[in-house]
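The following exercises concern the sheet, the enclosed spaces and the loops of one structure. Each task is followed by a solution in steps.

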Amino acid sequence: MSNTPMAASPLTRAVLEIDEYASGLGWDQPARLFALVDTARLRAQEPSLAAQLGLGEEAETSTGLTPIEQDEIPTDKALDEFLATIAWPDAVVGCALTVERLMLPASAEAQVPQGLSDAKLTKWVSEHPQRQEVRMTVAVLRDGARESAVRLREKDSPTEVLTGADLVPGLAEALTATFED
């Protein structure tokens, strides 16, 4: 599917593939959850599903990860509460989430009024002149590895996607918790 760099780690490639997929859907989308499965294992254990996903034998090496989108995330529950209800089967080696949010630069932190409720804080941020709309894609593996991609709406281009393991640490920790017993 993708223009992701082949030199990147399998986890980075998976994050960038999901970012590219989300980008193709446009902005103002709901959060999306993905299971990450070992591509070689998927081909061996579920050949018909692998074929449906376009994972022929000539596709990626045995170190690849295949993202599989899950059912829609309920909108009537806070994201952290929803994530706390997830348990993955053993075949899932990792998971990823893509979500859009408003962010402010660090310089605006001192301007945040104290004592605002969550709803009032959200409104304040949404009206701030320095707000940025971002799409964050965060992935974690059972072994603790993590990767993130962040795309600004104002610079919506594949060449403007920032990647790094610790860009969205809180979300990475919440996803990691979905693998804890």
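**Exercise 1. The enclosure of a strand**

Why is β4 largely enclosed by the rest of the structure?

Solution. The model is a predicted one: local features need pLDDT of at least 70, side-chain atom pairs count only at pLDDT 80 or more, and totals for chains, interfaces and linings use all residues. Residues are numbered from 1 along each chain as its sequence is written, and side-chain values use heavy atoms, with hydrogens and water left out.

Step 1. Fix the terms. Helices (H or I, at least four residues) and strands (E, at least two) are DSSP runs, numbered from the N terminus. Buried means under 20% relative accessible area, exposed over 50%, and partly exposed in between, with a 1.4 Å probe and protein chains only.

Step 2. Apply the burial cut-off. Eight of the 10 residues of β4 are buried, so β4 is largely enclosed by the rest of the structure.

Step 3. Turn to β5. This strand is mostly covered, with five of its seven residues buried.

**Exercise 2. The sheet and its pairings**

Determine the strand order of the sheet, and follow the pairings from β3 to β6.

Solution. Step 1. Two strands pair if DSSP finds at least two bridges between them. On this basis six strands form an open sheet with antiparallel pairing, in the order β2-β1-β3-β4-β5-β6. The edges are β2 (65-69) and β6 (162-164), each of which pairs on one side only. From one strand to the next, the twist averages 20 degrees.

Step 2. β3 and β4 are antiparallel and share 10 bridges; leucine 97 has valine 138 of β4 as its bridge partner.

Step 3. Seven bridges link β4 to β5, again in the antiparallel sense. Threonine 137 is partnered with alanine 149 in β5, and arginine 135 with arginine 151 in β5. The two strands form a hairpin with four residues between them, and glycine 144 in the turn has a positive phi of about 100 degrees.

Step 4. β5 (residues 146-152) is joined to β6 by three bridges, and these strands run antiparallel. Here alanine 149 has threonine 163 of β6 as its bridge partner.

Step 5. Add the helices, taking contact as heavy atoms within 4.5 Å. Axes are lines fitted to C-alpha atoms, for helices over the stretch in contact, and angles run from 0 to 180 degrees between N-to-C directions. Helix α1 (residues 10-25) packs on the sheet and touches β1 (32-38), β2, β3 (92-103), β4 (132-141), β5 and β6; its direction makes about 30 degrees with that of β5. Helix α6 (residues 169-177) also packs on the sheet, touching β1, β3, β4 and β5, with its direction at about 35 degrees to that of β4.

**Exercise 3. Cavities and a pocket**

How many cavities of 30 Å³ or more are there? Describe their linings and that of the second largest pocket.

Solution. Step 1. On a 1 Å grid over the protein atoms alone, a cavity is a set of points where a 1.4 Å probe fits but cannot get out; a pocket is an open set with protein on both sides within 12 Å along at least five of seven lines, and lining residues have an atom within 4 Å of a point. The count is two cavities of 30 Å³ or more.

Step 2. The largest cavity has a volume of about 50 Å³. Its lining includes Ala22, Gly26, Thr98 and Arg135, and β3 gives the most to that lining, with three residues.

Step 3. The second largest cavity holds about 30 Å³ of space. Among the residues lining it are Pro30, Leu33, Glu69 and Ile73.

Step 4. The second largest pocket has a volume of about 340 Å³. Of its 13 lining residues, the closest to its centre are Leu79, Arg101, Met136, Val168 and Leu171. The elements that give two or more residues to this lining are α4 (79-83), β3 and α6; the largest share, four residues, comes from β3.

**Exercise 4. A loop residue**

Is alanine 108 buried or exposed?

Solution. Step 1. Alanine 108 is found in the loop between β3 and α5 (118-127).

Step 2. Its relative accessibility is 1%, so alanine 108 counts as buried.

Step 3. Not counting residues up to four places away in sequence, alanine 108 touches Trp124, His128 and Gln130. The C-alpha atoms of alanine 108 and valine 125, which are 17 residues apart along the chain, are separated by 9.8 Å.

Key:
Points joined across faces, edges and corners; volume = space filled by probe spheres on them.
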